[in-house]
Amino acid sequence: DHLKVITVLSLGQQRLNPTKVELNQGRDGRAIFHFEKSEPPTLQDKSAEFHITSDHMEIRQKFALKEMQFQGKLEL
């Protein structure tokens, strides 16, 4: 539950916290973050930014939405 609080996905003016976080306890330590969008993102949003901040680390990655299209449709 702590990861839900310190994680944010920014899409245009929307700032979303994950609704669910799945942690893989295997060797790769993978985490899957699930977000529910109140409004679907559009290309006008231009980018999405994933951001986790805690006392000991910060992870920030920005994604260009125009690069996240499949067959002319925005797919996140």
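How do the residues lining the largest pocket divide into nonpolar, polar and charged, and what number falls in each class? I will come to that after a word on the model.

This is a predicted model, where local features need pLDDT of at least 70, side-chain atom pairs count only at pLDDT 80 or more, and totals for chains, interfaces and linings use all residues. Residues are numbered from 1 along each chain as its sequence is written, and side-chain values use heavy atoms, with hydrogens and water left out.

Now the answer. The lining has 8 nonpolar residues, 1 polar and 1 charged. Nonpolar here is Ala, Val, Leu, Ile, Met, Phe, Trp, Tyr, Cys and Pro; charged is Asp, Glu, Lys and Arg; the others, Gly among them, are polar. The lining residues are Leu9, Phe33, His34, Phe35, Lys37, Ala48, Phe50, Phe63, Met68 and Leu76. β4 (31-34) and β5 (47-53) are the elements that give two or more residues to this lining. A lining residue has an atom within 4 Å of a point of the pocket, which is an open set on a 1 Å grid over the protein atoms alone, where a 1.4 Å probe fits, with protein on both sides within 12 Å along at least five of seven lines.

On to contacts, meaning heavy atoms within 4.5 Å. Beyond its neighbours within four places in sequence, Leu11 touches Leu16, Lys37, Pro41, Asp45, Ser47, Ala48, Leu65 and Leu76. For the protein chain, take contacts between residues at least 6 apart in sequence: 33% of them join residues at least 24 apart.

Last, overall extent. The C-alpha trace of the protein chain spans about 35 × 25 × 20 Å along its principal axes.

Notes. Helices (H or I, at least four residues) and strands (E, at least two) are DSSP runs, numbered from the N terminus.
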